[in-house]
Amino acid sequence: MSTKPLLGAPFEPGVIQQLQVRSNKRKSNNLTDRDLTVLHTDNAFVRISSGVVIKESANIGIPENEIPDLAKNNVLQGGILSKNQSGFSEDGINSSYSKTTDLGFRPMAGIDSVEIVSQNAQGTIRKTDVAFKIHTLEDLNKFEKLYLRPGFTVLLEYGHSAYYDNNGNAVTSIPSLIDFFNSSDQEKIAEQIIQNTEDSSYNYDAILGAIMNFQYSYNMDGGYDCTFYIISKGSLLESILAISSGDVKNTNNADGIIPDKVGSFLQSNNNKSEGSKQDKSSEVIRILNDIYTEAGAADSVIDTLIKNYPSLNFDNTDRPYYLGSFDTNKSGATKKTYITFNTLFKIINNTVMLESNGKKFIKFGQQTPTESVNSVYITYDDHFSSNPNVCLLKRKPNNENFFYGFTAPDFPPPSAAGNLILSDILVDVNFLKTKLTNLTDKDKEDRTVVDFLKDVFAEVQTALGNINEFDFLFREKESTCYIVDRKITSLSKNIRRNILPCYGRGSLLSNISVTSKISNELVTMMAIGAQQSGANLQGYGGVVMNFNKGLSDRFTAGLKPGVEAATKTDEVDDKAEKALEKTRSDIKKAVQNFGKGRSFKDSEGKSLAAGHQTLANYEMNRSTTPLLGTLPFELTFTMKGLAGLVIGEGFVLQEGILPTSTQDSAGFIIKSINHSIQGNQWTTDISAFMTLAEPDPIKERNKKEFPKVPLDSKNQDAKDNQIDKAQN
């Protein structure tokens, strides 16, 4: 589990040290012969091992005596790794070449290139393309079984053959490799990968993944050009169904190979289905139904759930919160019962997520009694949910009249941080059930856990004023998918040690480029918003306006958003405050009716959403510096291959490259990390979002404060005399 921030975190100390060693050596005037060997003769190595075990040998075109150790004796490298095959012999026995009747001597199979690329917009799912050559049909018989079969496990290891350790010592031997064939425990292999990476000072890395697809073609030399594609475990999330029969006793798989379910996902991922009765039943829905049914029995509900679902490992932190019974104009949805995301992920992890040999193959990150996940969401002192039919925040706004739980004397207290995604957001159980049930009308490929959670995140974001952006962040080495708020960014004081050398003799970067990704719609929005100091701009617009502070365009000064634009900030603030008073009044009335009238219609949540979004973005813009969120600017560069960098970490560039204003205000968040091994060289390509990392001193002195506002008399009276409809 991750204890440091998942977004905007500093690099690992060992990675920082390795960068410093590399930079210092590049600019040193006192290089030894061994230094020159590292700097000028460094080659990359690649090793790929297959997890295939051949159990039946009939009619497969492979000699019987080779079958037991086929995978071990055919590890792919620049050539095949084998104790016997070394050099050349005319008889072709124990040789690096095979002797054929038709084609004469043919070289062993070998890797041409490896490309490890990020697939999705967040760069959290990786696909690896491996290209290799085979020169005989006999070799094709072997390698087709080992590396051209979707669903089977492979281990890819790569690194530098000559490098500096973090003490500055030249190392001219490859790091230790994993004894892949004597272990079927994926957790132990993952631990060994991490250990080897650290021991090599981040000059080694590895991927334990599954073959997804392949292709091979016959070439004019009488051999075969082959390619196969490895996907990380994170890719499997997009195939795991949220709507299925489910089982709290997940299927185990012998042999330590990726479960049969995974293989079937890979082979039928693009097939559509009308949806069977089994698909339309769901263990997750059944558990949520039980939680809803038991709601109201506050003293016994958690005990009942623990008794009914012992394998879910429920504990007191999973106690559902029952707020009361309300008129929501939805049949069977009168009870306002909430659970945390942590409880939801516990249910999902123990029902629909895959297991292998009794261990989770992939899982969602959870808070546990012994481990913590530092995944926070952005907030401000008057942050609240405007739709209790979707969610509530445990942290009460300073203005208590915006808080839908004001009548509850036992409302759950927030965590010490107050804004942890997993434990400080209460999600309505009936809302979750509805979202799951709605999936049954979709094609099978659109009924995954990812689809379900994306739907949930979208409505939770709307209820919270659309200042958050909840998303997935998969950490491959932990086989864990975390939930993050992508609006979280890092201040320069937190990443000032993460300075990437990019200028002068000690530079480590090449192909440095900054590219904007701004849409026409956003340009129009900013042009108009520029005349209003960006008061109500949301998302990218507000952050860009802060980035452009101090600049104006004399040719767009006359643009108006339908009404005459104010020219002074004070006038803008006054007009905005007056315009937002109606929104505040509407929300207060809805809160009062919820507490006193015990009613909240679905239509109310929708009608409040737009005004709440404007209000929340306005308040955030004036109370936060620097404004959180990423700019639509992307930094890319190439460097010598390096392991240990993690998507979501923050850094700054060394002075001397960026414009002064950008250098003084900007930081970067890693978006994607791509590795390439070609021509015996390992290079790493980084893509990063730009953020504002330095507070604005003027805004810091004048930022908006949110005083404590107690309940008004009507709400206080409702609190003192509240009655639960379910108890009448």
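Is Asn 511 buried or exposed? In this predicted model, Asn 511 is exposed, with a relative accessible area of 59%. The residue is placed in strand 23, which spans residues 509-516. Its backbone also merits description: phi of Asn 511 is near 55°, a positive value in a residue other than glycine. A second residue of this kind is Arg 598, for which phi is likewise near 55°. Arg 598 is found in the loop between helix 15 (569-597) and helix 16. In contrast to the exposed Asn 511, Arg 598 is buried, with a relative accessible area of 4%. A further backbone feature is the peptide bond from Thr 625 to Pro 626, which is cis, with omega near -5°. Pro 626 lies in the loop between helix 16 (602-623) and strand 24 (630-640). As background to these assignments, most residues other than glycine have a negative phi, and most peptide bonds are trans.

Aromatic contacts were examined next. A search of the whole structure returns 27 aromatic pairs. One of them joins Phe 214 and Tyr 216 in a stacked arrangement, with 6.3 Å from centre to centre and 10° between the planes. Both partners retain some accessibility: Phe 214 is partly exposed at 34% relative accessibility, and Tyr 216 is partly exposed at 39%. Another pair, formed by Phe 457 and Phe 470, is tilted, with the centres 6.2 Å apart and an angle of 55° between the planes. Because Phe 457 lies in helix 11 (residues 449-463) and Phe 470 in strand 20 (residues 470-475), this pair ties together parts that are 13 residues apart in sequence. Phe 457 and Phe 470 are both buried. These two residues also belong to a cluster linked by ring pairs, in which they are joined by Phe 341, Phe 345, Phe 364 and Phe 472.

Tyr 292 takes part in contacts of another type, with charged side chains over its ring. Lys 335 lies over the face of Tyr 292, at 5.7 Å from the ring centre. Lys 433 also lies over the face of Tyr 292, at 4.5 Å from the ring centre.

Cysteine residues were considered separately. A disulfide is a covalent bond between the sulfur atoms of two cysteines. The search of the whole structure finds zero disulfides. Among the cysteines, Cys 226 is buried, with a relative accessible area of 2%. Cys 481 is also buried, at 1% relative accessibility.

Burial and surface character were then described for individual elements. Helix 3, comprising residues 137-147, is mostly covered, as eight of its 11 residues are buried. The buried set includes the charged residues Asp 139, Lys 142, Glu 144 and Lys 145. Leu 140, Phe 143, Leu 146 and Tyr 147 are likewise buried in helix 3. On the surface, by contrast, Leu 31, Leu 36 and Leu 39 form a nonpolar patch, with about 190 Å² of accessible area together. Within this patch, Leu 36 is found in helix 2, which covers residues 33-40. Leu 36 counts as partly exposed because its relative accessibility is 35%, a value that lies between the limits of 20% for buried and 50% for exposed residues.

Key
Residues numbered from 1 in each chain as written. Predicted model: local features only at pLDDT ≥ 70, side-chain atom pairs only at ≥ 80, totals over all residues. Heavy atoms only, no water. Patch = residues over 30% accessible without salt bridge, like charges linked within 9 Å, V, L, I, M, F, W, Y side chains within 5 Å. Areas by Shrake-Rupley, 256 points an atom, 1.4 Å probe, with all protein chains shown as cover. Salt bridge = Lys/Arg side-chain N within 4 Å of Asp/Glu carboxyl O. Helix = DSSP H or I, 4+ residues; strand = E, 2+ residues; numbered from the N terminus. Buried < 20%, exposed > 50% of the residue type's maximum accessible area, 1.4 Å probe, protein only. Disulfide = S-S within 2.5 Å. Phe/Tyr/Trp six-rings, centres within 6.5 Å; stacked < 30°, edge-to-face > 60°. Lys NZ or Arg CZ within 6 Å of the ring centre and 35° of its normal.
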